[in-house]
Structures are given as structure tokens and as C-alpha cells.
Amino acid sequence: MSKRVEAVQVERSGFSITVPDGWWEFEIRPELRDQAIRRLMDERVRLRPDVAGHREVMERFLRREAANAWDAGAAYIGCMAQTFGDEDALVTATLTVTLLSPRTEDGAPLPTDPGSVAGQLKEIRARTAGDPWRAVSVTEIAGVGQVARTRGVEDVAPAGDRRVMRVAMMQTFVPVPGAGHQVALISGTTRNLELTDSFFDVFDAVTSTFRFI
């Protein structure tokens, strides 16, 4: 995994986040995203002709992740899709920001302070090597304050899809100031499980740049 060298500041309604240079950031609304992805791919291939051979796979990945993010109600998506050395080895990751108003089954708002959120999240212990697991903690983001966080390897199914995929995932729950019972959920995932620890470092670094504006 190459280390972060430069970064790109991305602003959305009410928040900003800094993603590593080389990541893809684009419009996820259905009527705009396909054109945005094609335009980004055109530019990437122009700058890096060696990417041309992976264009179809990369576009398919970006379209799928954008659709999943939109269906899940995300306000922002950033994606990584790169090759490192081996021409057949595609390394991918996705980071989304979703604004949520957590409620009970009967519609009552749930508290969004980090301690309460962490208490609502379930830890998962792997029974054997390779099994899913999840750790829950409360951590600090400079400039934001304390937040609840999970990290682990989990089986997830995109909205409307029965298929399950195993991913390394970090989720951070940031209370929205002045918004009552609302949180910003920052989710980072990758299917490249052999790079789990490296991507946890990347997701932590990106999440630490999150700011409300």
C-alpha cells in the first residue's frame, strides 16, 4: 500500500472531508453519475494510459459502489481503484458519508452521544481464524471531539441484494452539532481483506479530516 502523499479537499452540504490523491470522487445521483464516471475515466486514461486495460472493471466497480451508496442514502462517496504491480490485482476501497437520525422501532429518537451509540453497537468475536469480527470503541477526532467507532471484518449485503460479501469495515459515528438526534456515519470498506490493517490506517486518516462547515 502506497502511503498518502497529497490530498484533495472535498466539500458537501454541511461537511468537508479530505481524500487521498488518486481516489475517485464524483456525483452519485442516478441521473448524473454514469456521465461523471465516464468523464473521470477519460481523464484518468489520458493521464495514465496503462489504466486503459482496466477501464471496464474500474467503471463497473465505480457504478456499483455509487448505486449502493445512493440506495443507502449516502451524501458523499469516495472510491479507490488502483493496480499495484500485478496487472491482474485490482485494489479497491470505498468511503461514504451518510446523515442519519437513529430511532427506535416505535419511532422514538435515540441518543447520539458517543457513549450511547457505542452501547447500542454489538461486538462480534471470531470463533475461528477468518470468521467475521467487530470491535467497538469511543475515540477522539481532533477538531470534532469524541466519536463512536466500529472496525472489523463483516458480511454485508447491499440494499436490495441478497448476495453477501465479506469486507473489512470501519464505521465512525459523528454527532451533528445543533441537529438534535442526528449523526454523520462515515463508512470505509474494502474487499481486499489481506490489506485490512493498512486500510484501517487509511480510513482512520481520512475520517480524521472530517469537519462540519
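## A salt bridge within helix H1

In this predicted model, Arg46 forms a salt bridge with Glu43, and the closest N and O atoms of the two side chains are 2.6 Å apart. Both residues belong to helix H1, which spans residues 30–47, and they are separated by 3 residues, about one turn of the helix. The two partners fall into separate accessibility classes: Arg46 is exposed, with a relative accessible area of 56%, whereas Glu43, at 36% relative accessibility, counts as partly exposed.

## Other salt bridges and a charged network

The count of salt bridges in the structure comes to 11. One of them joins the side chains of Arg48 and Asp50, with an N to O distance of 2.7 Å; Arg48 is itself partly exposed, its relative accessible area being 33%.

Another of these contacts lies in helix H2, residues 55–71, where Glu59 and Arg63 are 4 residues apart, about one turn of the helix. Their side chains meet in a salt bridge at 3.2 Å, N to O. Glu59 counts as buried because its relative accessibility, 12%, is under the 20% limit, while Arg63 is partly exposed at 34%. The two residues also take part in a wider arrangement, since a network of salt bridges links Asp42, Arg55, Glu59 and Arg63.

## Overall fold

The chain contains 4 helices and 10 strands, and from the N terminus on its elements follow the order β-β-β-α-α-β-β-α-β-β-β-β-α-β. The radius of gyration is 17 Å, close to the 17 Å that the globule rule gives for 213 residues, so the chain is as compact as a globular protein of that length. Taken along the principal axes, the C-alpha atoms fill a box of roughly 50 × 45 × 35 Å. Of the 213 residues in the chain, 41% are buried.

## Strand E5 and its neighbours

Strand E5 is mostly covered, with 8 of its 11 residues buried. It pairs with E4 in an antiparallel arrangement joined by 8 bridges, and within this pairing Met80 stands opposite Ala93 of E5. E5 also pairs with E9, again in the antiparallel sense, over 7 bridges; here the bridge partner of Thr96 is Ser187 in E9. In a regular strand the side chains alternate between the two faces of the sheet.

## Nonpolar cores

The largest nonpolar core has 24 residues, and those with the most contacts inside it are Ile17, Leu95, Phe203 and Phe210. The elements that give two or more residues to this core are the strands E2 (15–20), E4 (76–83), E5 (90–100), E7 (145–156), E8 (165–175) and E9 (183–190), together with helix H4 (196–207). H4 gives the most to this core, contributing 5 residues.

Apart from this core lies another one, of 17 residues, which includes Phe26, Val51, Met58 and Ala69.

## Aromatic contacts

The structure holds 4 aromatic pairs. A pair of aromatic rings is described by the distance of the centres and the angle of the planes. One of the pairs is formed by Trp133 and Phe200, which meet edge-to-face, with 6.4 Å from centre to centre and 90 degrees between the planes. Trp133 lies in strand E6, residues 133–141, and Phe200 in helix H4, so this pair ties together parts that are 67 residues apart in sequence. The two rings belong to residues in separate accessibility classes, for Trp133 is partly exposed, with a relative accessible area of 30%, whereas Phe200 counts as buried at 1% relative accessibility.

Elsewhere, ring pairs link Phe15, Phe210 and Phe212 into a cluster, and Phe210 is also among the residues with the most contacts inside the largest nonpolar core. A contact between a charge and a ring is found at Trp24, where Arg44 lies over the face of the ring, at 3.8 Å from the ring centre.

Methods. Residues numbered from 1 in each chain as written. Predicted model: local features only at pLDDT ≥ 70, side-chain atom pairs only at ≥ 80, totals over all residues. Heavy atoms only, no water. Core = buried A, V, L, I, M, F, W, Y, C linked by side-chain atoms within 4.5 Å. Buried < 20%, exposed > 50% of the residue type's maximum accessible area, 1.4 Å probe, protein only. Salt bridge = Lys/Arg side-chain N within 4 Å of Asp/Glu carboxyl O. Phe/Tyr/Trp six-rings, centres within 6.5 Å; stacked < 30°, edge-to-face > 60°. Lys NZ or Arg CZ within 6 Å of the ring centre and 35° of its normal. Pairing = 2+ DSSP bridges. Rg over C-alpha atoms; globule rule 2.2 N^0.38 Å.
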